[in-house]
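Hello,

Here is the structure I promised to pass on. Please open it alongside these notes.

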Amino acid sequence: MPDSAPAPAPAPAPQVRADLPLREVYDHPLGRDILDKVLRQVGVSGRWVDNPVVGRLTLRQLVRLTRGKVTHTFVDTLLGLLGAHPDRPLDDDAPITPAWWKDAVFYQIYPRSFSDSDGDGVGDLRGIIDRLDHLADLGVDALWLSPIYDSPNDDNGYDIRDYRAIGAEFGTMADFDELLESVHARGMRLIMDLVVNHTSDEHVWFTEALADPASPYRDYYFFRPGGATPPNNWTSFFSGPAWRHFDEEDVWAMHLFSSKQMDLDWDHAPMRAEIADMVRWWLAKGVDGFRLDVINYISKPPGLPDGDALVGELMGFTGVEHYFAGPRLHEHLRELRTEAFEPYGAVTVGEGPGVGSQLGKLLTGDYRGELDLVFTFDQLEAPGKDRWDDYRYRLDHLRDHYAAYADQWGNRYQQTVFCENHDNPRMISKVDPRPEHRTVLGKLIATTQLTLRGTPFIYQGQELGMVNQAFASMDELRDVESLNKYAELRAEGRDHAAAFAQVLAGSRDHARTPVQWDATEHGGFTSGEPWIAGDGDHAAWNMAAAADDPGSVLSWYRDLIALRRSSPALLHGSTEFTDTRRGRWVHRRVLDAEEVVVVLNLTDRVQKVRDPGPAYELVLDSVPGPATVLGAYGARVFRRGR
């Protein structure tokens, strides 16, 4: 258990029963998260439950009123989830528990696209070493490396073949050791990606399990007897069923992601012991922690029951309700922390797709002994939208998301603050793709991340203001998810243009084109042919040009990171959102005598704003002008009392 303020016993969650009114479901921590998620998907606010008539409806009545759209199976599943997660997060006035990762700025590197040192077109470890001074000058404190393990690369390294080997395209273990030493020599830390919900189908555990039904590795995975249909109706996040049939052996094996990413069965203790041993091996080398890929999916319920049709329709994936918060999730995380992370003081950052505010608190509370931080994703898409929808993202949603977290998360919890990663298109393009707004939008997004309370994660190229790529055809895409999505849409009857447009709206490849280092061919990323090509944007937008431009997005990031490091109020101060009117975002950070005021214009129009007064120093201004006017997507930061 981590050192923290003593934890009083939390109040119990409401008793779970079929005649539970919706308002009491909403009062249950996981119930609130689930209802918020469902309501968000249909574009309805959680305040709907506050309506006295709605709030009194019982789950049984909901089945009748929806004429079976909400089924008894859905109700039973919901009740099972609530019963499996009875804990209520603590909301007391405990002091903040100090930790280096709470003050740090993290920078995510997607190694394949960061920098190529040997001209083979794939980024590598020596390429990262060559660029470490850029990261040190930027001011970041810790690096997160996406997977660099040995892999057949069906999902660009998230299908691991050998957890203790470096992929040949990235270099050698000696290169990794030099990278780790070089990172530490610059006063930075390094965390790795830990992908343990699944392995590659080429991992020795799986190959031996498939070849020999009596193998001890058979129980490491979800094998089920063969037959004409999959064992249940769960669907894969990468299209199609979540089961792969092996014809020669006549067995099914589960894969929530690619058909080459086979899910591990975390109920099997010997498998968990091997995972813990592998984690300790890396930590003994000096790694500072891990980002844990889709870690909330590791616990699946006994019997693997069918998913509910309504949930599948709303969420886009059938069966997800059974494993986004599985019955032994907290138990598994506590065990892994105790046996592997805690002895080394390692930081843990969990990826939590589907995790809401309350479950996030249960996963990361400083008294819980599970994770330190968690990535949740509700801020990345507007209510009722998903990544494949082509629409203009309103920054009001980003503001409202973080305002809610500021209100709900006390000192026992630390949120992650991010807008981009390797799995999502570039945020500037989602908000406003017009080139005249690119610089100011890049600065505004940076300001939201680096002035809120929480741990910021910057994704590579974000500090430059990189945007979505103008891919011209499916032949230019590399991502297995995008390729499968296109095939699925075509099979549904969409013509090429419609299918390609939808894939282009949400493709992960937008974030995976090479970092634009200079104006030379391929942006200085490689001397060869890149594994995925950019669209020529590097000719005007590149690090070399931005480095000497005081008005660049890169310079703004440097200044903001330096400001954050020098400001106790930005690191640990209270947060108050003082203006949340449409298109406006003003928040105050206060600690002792220091106060920081952040004023943001969330629209493409000039707005009148209030000058906080002569006692405040204007320290950053992305759109200089009269004190009472702020230009399109403008950002101003004021400070007093330092």
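**The second largest pocket**

Helix 15 gives the most to the lining of the second largest pocket, contributing 8 residues. Keep in mind that this is a predicted model. The pocket has a volume of about 810 Å³. Its lining is made up of 27 residues. Nearest the centre lie Asp36, Arg40, Gly46, Asp400 and Ala404. Three elements give two or more residues to that lining: helix 2 (29–41), helix 14 (357–364) and helix 15 (395–408). By type, the lining residues split into 10 charged, 10 polar and 7 nonpolar.

**Helix 14**

Two residues of this helix are worth a look. Leucine 362 sits in helix 14. Its relative accessibility is 4%, so leucine 362 counts as buried, the cut-off being under 20%. Proline 89 is 273 residues away from leucine 362 along the chain, yet their C-alpha atoms are separated by 5.8 Å. Proline 89 is also among the residues that leucine 362 touches, beyond those up to four places away in sequence. The others are Asp87, Arg88, His330, Arg368 and Glu370.

Glycine 360 belongs to helix 14 too. Glycine 360 counts as buried because its relative accessibility is 0%. Setting aside residues up to four places away in sequence, glycine 360 touches Val355, Val374 and Trp409. Alanine 562 is another matter: glycine 360 and alanine 562 are 202 residues apart in sequence, and 29 Å lies between their C-alpha atoms.

**Threonine 447**

Threonine 447 is placed in helix 17 (residues 438–451). Is threonine 447 buried or exposed? It counts as buried, because its relative accessibility is 0%. A polar atom of the threonine 447 side chain lies 2.7 Å from the backbone oxygen of lysine 443. Neighbours within four places in sequence aside, threonine 447 is in contact with Trp556, Leu560, Val598, Leu600, Ala635 and Val637.

**Nonpolar cores**

The largest nonpolar core has 191 residues. Which residues have the most contacts inside it? They are Phe176, Ile275, Trp282 and Phe290. Take phenylalanine 290. With neighbours within four places in sequence left out, phenylalanine 290 is in contact with Trp282, and with Tyr149, Ile191, Met192, Asp193, Leu194, Val279, Leu283, Phe341, Val347, Thr348 and Val349. Apart from the largest core lies another, of 7 residues. Val586, Val597, Val609 and Leu630 are among them.

**Positive phi**

Most residues other than glycine have a negative phi. Two residues here are worth checking against that. Serine 239 is not a glycine, yet has a positive phi of about 85 degrees. Serine 239 lies in the loop between strand 7 (223–225) and strand 8 (243–246). Its relative accessibility is 21%, so serine 239 counts as partly exposed. Histidine 522 is not a glycine either, and has a positive phi of about 60 degrees. Look for histidine 522 in the loop that joins helix 19 (496–506) and helix 20 (543–547).

Best wishes

Key:
Residues numbered from 1 in each chain as written. Predicted model: local features only at pLDDT ≥ 70, side-chain atom pairs only at ≥ 80, totals over all residues. Heavy atoms only, no water. Helix = DSSP H or I, 4+ residues; strand = E, 2+ residues; numbered from the N terminus. Buried < 20%, exposed > 50% of the residue type's maximum accessible area, 1.4 Å probe, protein only. 1 Å grid on protein atoms, 1.4 Å probe; cavity = no way out; pocket = protein on both sides within 12 Å on 5 of 7 lines; lining within 4 Å. Points joined across faces, edges and corners; volume = space filled by probe spheres on them. Nonpolar A, V, L, I, M, F, W, Y, C, P; charged D, E, K, R; others polar. Polar contact = N/O pair within 3.5 Å; in protein donor to acceptor, adjacent residues only side chain to side chain. Contact = heavy atoms within 4.5 Å. Core = buried A, V, L, I, M, F, W, Y, C linked by side-chain atoms within 4.5 Å.
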